[in-house]
Structures are given as C-alpha cells and as structure tokens.
Amino acid sequence: MSLSRLNTLMKLAPQSAAAASTVMRSPQRNLSAQSQPESGVTGGHHFKTLAISSPKPFVFHVELHRPNKFNAINKQMWLEIKECIDGLAINPDCRAIVVSAAGKHFTAGIDLNDMMNLGQTLAETDDYARKGVVLERMIKLYQDSISSLELCPKPVITAVHKACIGAGVDLITASDIRYATEDAFFQVKEVDIGMAADVGTLQRLPKAVGSQSLARELCYTGRKFEASEAHSSGLVSRLFPDKESLLSGALALAEQIASKSPIAVKTTKESIVYSLEHTNQEGLDHIRLLNKLNLLSEDFAQAVAAQLTKDEKPVFAKL
C-alpha cells in the first residue's frame with residue numbers, strides 16, 4: 001500500500017470514527033419462546049419452538065426450545081428456524097448468531113410424529129404423482145430451513161451438547177463454526193429409518209470432515225460417533241467440559257466476531273461459501289468484484305488507521 005493511500009486513510013478515519021461513535025450498541029434483550037420479539041429482529045412474530053435473546057452487543061442467541069421432546073424438530077420448528085435466521089440476516093443489530101438447545105440434548109432429530117402425520121396426508125390420495133408433489137414440497141421446506149444458516153450473511157456458531165442426531169447433523173453442518181461438549185455424540189440416523197438424509201448432511205458433512213471415507217461410513221451405517229472423533233475429524237473445532245462452559249465459549253467467540261467490521265465479516269463468509277462450489281480462479285474473481293467496493297468503505301479506513309496508531313478498537317457503524 002502506497003504512502004499516499006495510507007495518508008488518505010488516516011484523514012478519513014477520524015471522520016468515520018466520529019460517525020460511528022453516534023451509533024449506540026443495542027441493549028440486551030431476552031426474547032423467550034413466549035415473548036414478542038421487536039419488529040425487525042425476527043419478523044415480529046411469536047416463536048413457540050425457539051427462545052431468542054441478545055446477551056452481548058450485536059450477538060443473538062437462538063435456542064432450540066422443545067426440551068420435553070428432546071428438541072425433536074417438528075414442522076413448526078423447521079418453519080421457525082428459517083423465519084428466525086432470515087430475520088436476523090437483515091437485522092442491523094445482529095452481527096453473529098449462536099445456536100444452542102435447551103434441556104438434556106441438543107436434538108433428537110426429526111420429530112417422527114410429523115412423519116406419521118405425513119403418512120396420513122399421503123393416504124388421502126391414491127395418485128402417486130400427487131403424493132410426490134406433497135413430498136417434494138415438504139423436503140424443499142426442510143432444505144430451505146437448514147440452508148438459511150449457510151445463506152445467512154452473519155456467522156452462525158452451533159453449540160452442541162449431548163445428542164445431535166439426524167436432522168441435528170444437517171443443522172450443524174450448515175453453520176460456520178461448531179463447538180461441542182466432551183459428552184456430545186453425533187449420528188446420521190436417517191438410514192436407520194429407511195431413508196437417505198435429504199436436507200444437507202450428504203452434501204455438507206464430507207466437506208466438514210474432509211474425508212469421503214469417514215463421511216460415507218457414518219452415513220451408510222448410522223453409527224454413533226463421539227465428541228472426540230468429531231473433534232479429531234474436524235466436524236467440531238473445540239470441546240468443552242460441560243454445557244455452561246460451551247455456551248460461554250460460543251458467546252465469547254460470537255462477541256469477538258461481532259466486534260469486527262460487519263462488512264468485512266459478511267464478505268468473508270460470502271467468499272468462503274461461494275468458493276466451496278467453485279474453482280480457485282472463480283473464487284478470486286468473485287472476491288475481487290466484492291472488494292472493489294468494500295475497500296472504499298469507512299470500515300477499512302477506520303481499521304487500518306486503528307492498526308497503525310494502536311488506538312482503541314474502532315466502533316463500526318451498523319450495516
């Protein structure tokens with residue numbers, strides 16, 4: 001970077017800092033499964049299967065909240081996960097998301113009672129084409145729910161304790177970062193109920209663990225794999241002794257991410273996700289197009305100036 005460019009940045013930084021200093025950080029909110037979220041936070045609707053809170057500045061905590069059912073994911077939870085994540089995706093007070101679960105287990109997977117209800121719906125017609133339409137719509141609904149985590153421009157951290165079964169593996173593999181307790185275990189359970197996983201595990205798990213052999217073994221057999229194996233294979237990046245320390249660690253990480261430039265973090269995630277499915281050159285072309293605008297941002301000027309002057313961490317404007 002040229003000296004003239006640095007001088008320009010230094011001139012811009014104080015102006016940017018003054019503008020950013022007028023932005024107030026959002027106060028802590030507790031949006032329980034029974035409470036009404038603020039308009040724009042999560043769409044302004046009640047959630048019956050999720051509990052939402054904002055325990056740290058610009059950090060939102062989304063808790064799966066069917067503890068009496070071991071957080072089995074029913075149709076309502078599928079819908080609410082997407083609604084919640086899509087709402088946080090455009091919420092300027094949100095810069096990082098932590099997903100955890102209430103009760104004894106992270107999730108027991110798909111709610112089999114929903115499958116029984118589906119069977120009754122399919123029995124209403126003898127036409128196989130129409131049965132197929134019903135199934136396709138259901139599968140797409142579930143796929144879109146899980147993919148909302150990957151498509152969300154804000155980083156999503158999943159904090160897993162105890163059981164993470166079936167649809168739970170779909171959910172966590174769509175997240176950016178995975179933490180777990182030492183007593184956590186994981187299971188791609190779909191093969192044991194006579195089906196192939198169809199909402200993301202088969203596409204994302206091999207990339208998450210970096211081993212086609214291990215991923216196929218887990219998906220073909222449905223065997224349990226413990227936290228230690230999940231950690232050594234790269235499915236989770238950190239282990240914690242208990243749920244309390246797990247959640248504390250996940251929230252601390254989210255707070256650290258939330259302190260960075262929201263433009264920089266958003267663009268970083270977008271480029272990483274894009275590059276998973278494209279060549280290196282396509283990824284380079286993609287980030288070049290993004291950064292030809294983002295490098296003109298006040299965030300860049302502020303951050304460079306702060307690094308050069310060793311000043312306090314910059315406070316970035318909402319996005």
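These entries record what I looked up on one strand and on the internal cavities of a predicted model.

**Entry 1: strand S7**

I began with strand S7, residues 177-181. Four of its five residues are buried, so the strand is largely enclosed by the rest of the structure. I then looked up its pairing partners. Strand S5, residues 156-160, pairs with S7 in the parallel sense over four bridges. Strand S10, residues 238-240, also runs parallel to S7 and is joined to it by three bridges. I followed Tyr179 of S7 to each side: Ala159 stands opposite Tyr179, and the bridge partner of Tyr179 in S10 is Arg238.

**Entry 2: largest cavity**

I next turned to enclosed space and noted three cavities of 30 Å³ or more. The largest holds about 110 Å³ of space. Its lining includes Asn91, Arg95, Lys154, Pro155 and Leu319. I asked which helix gives the most to this lining. Helix H10, residues 262-276, does so with three residues. By class, I recorded eight nonpolar residues, one polar and three charged in the lining of the largest cavity.

**Entry 3: second largest cavity**

For the second largest cavity I noted about 50 Å³ of space. Among the residues that line it are Leu50, Val99, Leu149 and Leu171. Strand S3 (59-64) and helix H2 (75-89) each supply at least two lining residues, and H2 has the largest share, with three. I recorded nine nonpolar residues in the lining of the second largest cavity, with no polar and no charged ones.

Note on methods. Residues numbered from 1 in each chain as written. Predicted model: local features only at pLDDT ≥ 70, side-chain atom pairs only at ≥ 80, totals over all residues. Heavy atoms only, no water. Buried < 20%, exposed > 50% of the residue type's maximum accessible area, 1.4 Å probe, protein only. Pairing = 2+ DSSP bridges. 1 Å grid on protein atoms, 1.4 Å probe; cavity = no way out; pocket = protein on both sides within 12 Å on 5 of 7 lines; lining within 4 Å. Points joined across faces, edges and corners; volume = space filled by probe spheres on them. Nonpolar A, V, L, I, M, F, W, Y, C, P; charged D, E, K, R; others polar.
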